Amino acid sequence: MRANSPLERQCVTGALRRHYTELMMADGPEIKTWALAANSASWSRSKPWFTVKKGPSCPTVNISGEIGVGDLTADNLLAILDGVSEINLCIDSTGGDTDCAMRLWKGFGDLVSLCTIIGRCYSAAVILAMSARKIQIAHDGRMMLHPPRAAVFAPAGTLRECADSLDGLSGRIVDTIQKRTGQPTAVVEGWLSKGTFFGASEAVSLRLADAVIAEDSSAPLTSFPVGDGDLLTEDEREFREFMGRFEAVNVRDPDKFLRSMFAWLVHKVRQA
């Protein structure tokens, strides 16, 4: 998104939020693809899109929400990982800033030994997954690719520059996925051009992932952001202890359930 003044940014932000709402209520596969990739942009600024948890062998980087949105940047994450020789990734994200994801993909290099997709791996999040030597996906996980988009409030010349930039970015995305999957370039371009969803088994068959985590697997899967206990605020520790008292919840539509739960929290949680 590009705007030249605070007033322009405010106008563009308001227009985009209305647009997101309209898209979420509309029908059609292309519209839904765009909406799903953008539907958390209005609230993810209030929480970090990554956390880092120390592990017995290597740190785990949890990616959730909108990548690159808010105060945290790719450079912040890379700085935290400076000197680390190996990491695991855990992804449940609708995507975000593809430039940020591409910077992380390049910065990770050979660091990522394992990526676990525990829910959604959409749009820019797919780029991060491609950095791993092995990708495993939950049996009910999904991946999604669509062409990059930008919202620009600027003169015609800047709009043309933005269009050229998007074309270049599309080429980089295709190259990244093609190298990881071994699929023909034309196939990957087709996935990207029309907006394509992949279930877990399909993702493995197309080499976007390497293995499906069985439904009865004992491996712990959680999209709940985790970090070092010392870094948590008192409120966060109390909330985690509270949520830890509950067993797993089985629902027919996890995405709708999570949106409803978040909407409830927004209205019920108050400043002390």
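A salt bridge here is a side-chain nitrogen of Lys or Arg lying within 4 Å of a carboxyl oxygen of Asp or Glu. By that rule, the count in this predicted model comes to 4 salt bridges. The general idea is familiar: side chains of opposite charge can pair when their charged atoms come close. Three of these pairs are described in turn below, followed by two residues with an unusual backbone angle.

Take Asp75 and Arg103 to begin with. Their side chains meet in a salt bridge, with N and O 2.5 Å apart. The pair links distant parts of the chain, 28 residues apart: Asp75 sits in helix 3 (residues 74-80), while Arg103 belongs to helix 4 (residues 98-108). Neither partner is tucked away below the 20% cut-off for buried residues. Asp75 comes out at 41% relative accessibility, so it counts as partly exposed, and Arg103 is partly exposed too, at 45%.

Helix 4 also supplies Asp99, which forms a salt bridge with Arg172. The closest N and O atoms of Asp99 and Arg172 are 3.9 Å apart, which means that the pair still falls within the 4 Å limit. Because Arg172 lies in helix 6 (residues 156-181), this contact ties together parts of the chain that are 73 residues apart in sequence. Both ends are again partly exposed, with relative accessible areas of 44% for Asp99 and 39% for Arg172.

Strands get a salt bridge as well. Arg120 and Asp92 bring their side chains together at 3.2 Å, N to O. Arg120 is part of strand 4 (residues 112-122) and Asp92 part of strand 3 (residues 87-96), so the pair joins parts 28 residues apart in sequence. Asp92 has a relative accessible area of just 11%, and it is therefore buried, given that the cut-off is under 20%.

On to the backbone. Most residues other than glycine have a negative phi. Ser123 is not a glycine, yet its phi is positive, at about 55°. Ser123 is placed in the loop between strand 4 and helix 5 (124-129). With a relative accessible area of 13%, Ser123 is buried.

Arg207 is another non-glycine residue with a positive phi, in this case about 70°. Arg207 is also a loop residue, found between helix 8 (200-205) and strand 8 (211-213). Where Ser123 is buried, Arg207 is partly exposed, at 42% relative accessibility.

Conventions
Residues are numbered from 1 along each chain as its sequence is written. This is a predicted model: local features need pLDDT of at least 70, side-chain atom pairs count only at pLDDT 80 or more; totals for chains, interfaces and linings use all residues. Side-chain values use heavy atoms; hydrogens and water are left out. Helices (H or I, at least four residues) and strands (E, at least two) are DSSP runs, numbered from the N terminus. Buried means under 20% relative accessible area, exposed over 50%, partly exposed in between (1.4 Å probe, protein chains only).
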